[in-house]
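Subject: Structure for your files

Hello,

Here is the structure I said I would pass on. Please open it alongside this message, as the notes below refer to it throughout.

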Amino acid sequence: NHFGFLPGRGTSSELLQLLNVLEEIVEHNLEVDLFTQDVSGAFDSPERTPQWACWRRIGFPASLATYLTNLGALSKYQINSPYGTRSSDMSEDDRDPELDDPFTPRRGGTQGDPLSTLGWVVFFDVLLTALNAVQQEYPFYIRQAGSALLSQLPLCYADDLHAICSSPEATARFNDVTSAFAAMFSIDFAEKKARAISTRANPAPMLLHNAKWEEFTIPFKGPDCIIKSLGLEYSLSYRWDQQYKDLLVKFKQVALVLSKKQASTMAKSLLQNTSSTPKILYTAQFSPFTDEQLDSISAVLMQPLRKAKAIGTRAAGKVLSNEILGGFSHDIGALVQKRKLALIDLAFNEGGATAAAMRGLMLRTMRRGMHDPTVTHGTHTAEKPISGKVRWDWWATSLIHRSLLTQDHLRYVGLPSDTPH
């Protein structure tokens with residue numbers, strides 16, 4: 001359940017599995033607590049003896065564990081930056097030994113190399129193993145494939161941890177385990193970054209302890225509270241209107257600034273395609289935004305181009321799609337669907353954690369079948385909720401809306417001609 005720094009895993013793996021969890025909670029109206037936290041100064045925190053013990057724990061010989069630990073303990077470090085070291089162009093009178101002289105850190109591992117990330121995975125696995133035992137004692141089940149029930153373990157990327165607790169007893173045990181880990185291994189979880197949300201009525205606050213066993217609490221907020229993890233904002237209610245509004249406001253501000261700048265249409269288009277568009281795509285590929293919402297974002301991206309040279313919407317769209325200027329697609333909506341289709345292709349043709357999470361989302365959509373009011377049927381794509389059903393925007397909704405059901409095949413429409421069906 002660790003998705004960072006390991007082959008075949010990444011942010012996509014964790015976020016897609018998180019969407020599985022959220023859809024399971026909403027679809028079955030489950031009572032759960034969800035808690036997110038990360039470690040303060042993660043790679044600088046582990047002390048030498050625990051590092052050595054963690055290497056031994058996974059079966060490394062004592063001599064090799066000592067060697068790996070000493071790579072950090074006996075190495076010399078010097079503060080550096082893209083502009084060079086502080087000592088490169090200063091007199092001896094201006095030197096500050098604490099900042100400019102090489103030093104040996106008292107704790108933490110190596111920095112910026114593969115060993116640093118592997119060392120952190122080995123170190124943090126102690127906590128994840130303990131939390132997995134809690135999850136087995138108080139399981140939270142998810143329908144990962146069809147109707148099969150699987151126990152969902154905590155999700156982790158580097159030091160970013162998601163815990164899904166199915167009962168107050170599970171939450172209390174989670175508090176105990178994380179507090180004990182912090183005290184035993186002398187690490188602190190960032191209090192200001194911790195977030196707790198719940199679908200239960202009036203849950204008691206999270207009661208945690210830091211490395212010095214000082215008590216602090218994290219109050220629970222309701223299911224509509226939006227929290228952010230790995231660049232994605234979400235809530236337990238699985239509503240996405242506020243996230244869309246926040247995204248639109250952000251890029252309206254960018255468009256307003258660009259509109260006032262004295263620059264060519266090509267320069268503005270290049271800036272939009274290299275900065276705004278990738279940020280939108282990262283969020284949208286993990287969000288069930290509708291076509292209408294994505295079209296409105298495309299219109300915002302065109303505003304600076306239209307005001308620059310008084311060109312029309314069609315011409316502005318062609319400029320944004322120009323590959324020479326870094327363009328990707330004729331509209332944001334089509335590009336988002338291409339990203340989602342690429343994830344689906346990964347699910348059916350490759351293995352790994354990302355593919356497993358993606359299969360869960362697709363099979364979840366297929367299992368809903370006619371009971372899902374957002375699925376289109378027959379040979380039309382009209383959004384007509386089934387009578388008596390509540391309309392939900394699932395992750396695959398926007399894909400279904402762009403599809404035509406032809407016998408046993410789904411044919412995707414509204415995409416560039418080079419997109420595989």
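What follows is a short account of the sheet, the helices that pack on it, and two helix-helix contacts.

Please keep in mind that this is a predicted model.

The sheet

The sheet is open and has 4 strands in the order 4-5-1-6, with antiparallel pairing. In general, strands of a sheet pair through backbone hydrogen bonds, in either a parallel or an antiparallel way. Strand 4 (155-157) and strand 6 (195-198) are the edge strands; each has a single partner strand, so one side of each has no neighbour in the sheet. On average, neighbouring strands here are turned by 10 degrees against each other, ignoring direction.

Strand 1 (residues 33-37) pairs with strand 6 in the antiparallel sense, over 4 bridges. Within that part of the sheet, D33 stands opposite S198 in strand 6.

Helices on the sheet

Helix 1 (residues 11-27) packs on the sheet and touches strand 1, strand 4 and strand 5 (160-165). The direction of helix 1 makes about 155 degrees with that of strand 4. Helix 6 (residues 168-185) lies across strand 1 and strand 5, and runs at about 150 degrees to strand 5.

Helix 5 with helix 6

Helix 6 also meets helix 5: their axes come within 10 Å and cross at roughly 160 degrees. An angle over 145 degrees counts as roughly antiparallel, and helix 5 and helix 6 are therefore roughly antiparallel to each other. Helix 5 passes helix 6 in a right-handed crossing. On the helix 5 side, the contact is made by F123, F124, V126, L127, A130, L131, V134 and E137. Helix 6 contributes A170, R173, F174, V177, T178, F181 and F185. Sorted by class, the residues of this contact are 12 nonpolar, 1 polar and 2 charged.

Helix 2 with helix 5

Helix 5 (residues 114-137) has a contact with helix 2 (residues 48-57) as well; the two axes come within 10 Å and cross at roughly 80 degrees. That makes helix 2 roughly perpendicular to helix 5. From helix 2, the residues involved are P50, C54, W55 and R57. They meet L115, L118, G119, V122, F123, D125, V126 and T129 in helix 5. The contact of helix 2 with helix 5 divides into 8 nonpolar, 2 polar and 2 charged residues. F123 and V126 of helix 5 are listed in this contact and also in the one with helix 6.

Regards

Note on methods:
Residues numbered from 1 in each chain as written. Predicted model: local features only at pLDDT ≥ 70, side-chain atom pairs only at ≥ 80, totals over all residues. Heavy atoms only, no water. Axes fitted to C-alpha atoms, helices over the stretch in contact; angles between N-to-C directions. Helix = DSSP H or I, 4+ residues; strand = E, 2+ residues; numbered from the N terminus. Parallel < 35°, antiparallel > 145°, perpendicular 65-115°, else oblique. Contact = heavy atoms within 4.5 Å. Nonpolar A, V, L, I, M, F, W, Y, C, P; charged D, E, K, R; others polar. Pairing = 2+ DSSP bridges. Left-handed = near helix turned anticlockwise from the far one by under 90°.
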